[in-house]
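Student: Could you take me through the salt bridges in this one, and then show me what sits in the nonpolar core? I'd like one connected answer rather than a list.

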Amino acid sequence: MQASPGIGPIVFAIGIAVALVGVIVDPLVIAPLGGAITLAGGFAWSRGGSHVASPAPEPVARRNERYTRSRILERATLGLGGLVALGVGLPVAGFAVLPSFFGQRQRAVDLGPIGAFPEGQYVVATFLTDPQAGEVSRRAAYIRNNGLLGSVPSFTAISSRCTHVGCPTQPNGPMFAQQRQSLRTSNGEVGLVPTQPSGFGCPCHGSQFDNEGNRTAGPAPRALDRYEFSIRNGHLWLGRLYSVGRVDGAGAQAEIHAFRLTGDGEPVTGPESWLYPLAPPS
């Protein structure tokens, strides 16, 4: 007599349901999880059904049967479930992994001469990341001239996008719009507005950040992202964005815990960061 398959069929059915729901709700996390549950349940089901406990003598006419009808149906169900799991999991895995190999590079941005940035003062810089795309590519960054680090100019370049869902943050302090400068660079028009913030805040969901971009309150999972920068012929250029776990210290002496750029809402440290797919290169 064939032994009971145990909980294998139940886990298998749960996996199918989770995978189908995941395609709609969260194809990057829940759908692959459902596929994994389906495969585990199918394996447990096949293993559980393969054990035979004290078989009773069968009539001679039935001993020549390789597969009973129930066995055929069981294998057909497992095969169909496996195809469903592959059909759900492979496209999702490709969507999660392939961007890591075919990501788009960020353009360098010319913000103008370094003399336009007063030492020790934050400036809200607005600029075009893609001049051909026009105003739709305009972004903002908080730029502070930290003076010299040895003989090399030091700048803090923080993205204004909140790391929760990407809303634009604002300086928690006055902005001096009457002192706005408009510069013409190779990237088009660059606007520079001095500000005296005591941190930065997101008006959408209440996330708060200190003057170095560290999260101090709210749902944001990490500090504000930062830009790499370089000095070319006396001009300040912004490079690639990168994510930041936290910043120790301030200004030119700050120790930045940097990570590869991740998406909105994604932590960069702790077990939660393991649940997200590979990030595309920036």
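Tutor: Sure. There are nine salt bridges in the structure, and keep in mind that the model is predicted. Let's pick out some of them and then move inward.

Start with Asp 130 and Arg 107, whose side chains form a salt bridge with N and O 3.7 Å apart. Asp 130 sits in the loop between strand E2 (122–128) and strand E3 (138–149), while Arg 107 is in the loop between helix H3 (69–97) and strand E1 (109–113), so this pair links distant parts of the chain, 23 residues apart. Asp 130 is partly exposed at 22% relative accessibility, and Arg 107 is partly exposed too, at 46%.

Next comes Arg 161, which pairs with Asp 264; their closest N and O atoms are 2.9 Å apart. Here the two partners are 103 residues apart: Arg 161 lies in the loop between strand E4 (152–159) and strand E5 (170–171), and Asp 264 in the segment after strand E13 (255–259). Arg 161 has a relative accessible area of 36%, which makes it partly exposed, and Asp 264 is likewise partly exposed at 37%.

A third salt bridge runs between strands. Glu 228 and Arg 240 meet through their side chains at 3.3 Å, N to O, with Glu 228 in strand E11 (residues 226–232) and Arg 240 in strand E12 (residues 235–248), twelve residues apart. Glu 228 is partly exposed at 34% relative accessibility, and Arg 240 is partly exposed at 35%. There is also a network: Arg 144, Glu 212 and Arg 226 are joined by salt bridges that share partners.

Now for the interior. The largest nonpolar core has 19 residues, and those with the most contacts inside it are Leu 111, Phe 117, Phe 127, Ile 143, Leu 192, Tyr 227 and Leu 238. E1, E2, E3, E4, strand E7 (188–195) and E12 each give two or more residues to this core. Zoom in on Tyr 227 and you can see part of that packing: leaving out residues up to four places away in sequence, Tyr 227 touches, among others, Phe 127, Ala 141, Ile 158, Leu 238 and Leu 241. Arg 240, the partner of Glu 228, is also one of the residues that Tyr 227 touches. Finally, a second, separate core of eleven residues includes Tyr 122, Cys 167, Ala 220 and Leu 224. As a general backdrop, nonpolar side chains tend to be buried together in soluble globular proteins.

Key:
Residues numbered from 1 in each chain as written. Predicted model: local features only at pLDDT ≥ 70, side-chain atom pairs only at ≥ 80, totals over all residues. Heavy atoms only, no water. Salt bridge = Lys/Arg side-chain N within 4 Å of Asp/Glu carboxyl O. Helix = DSSP H or I, 4+ residues; strand = E, 2+ residues; numbered from the N terminus. Buried < 20%, exposed > 50% of the residue type's maximum accessible area, 1.4 Å probe, protein only. Core = buried A, V, L, I, M, F, W, Y, C linked by side-chain atoms within 4.5 Å. Contact = heavy atoms within 4.5 Å.
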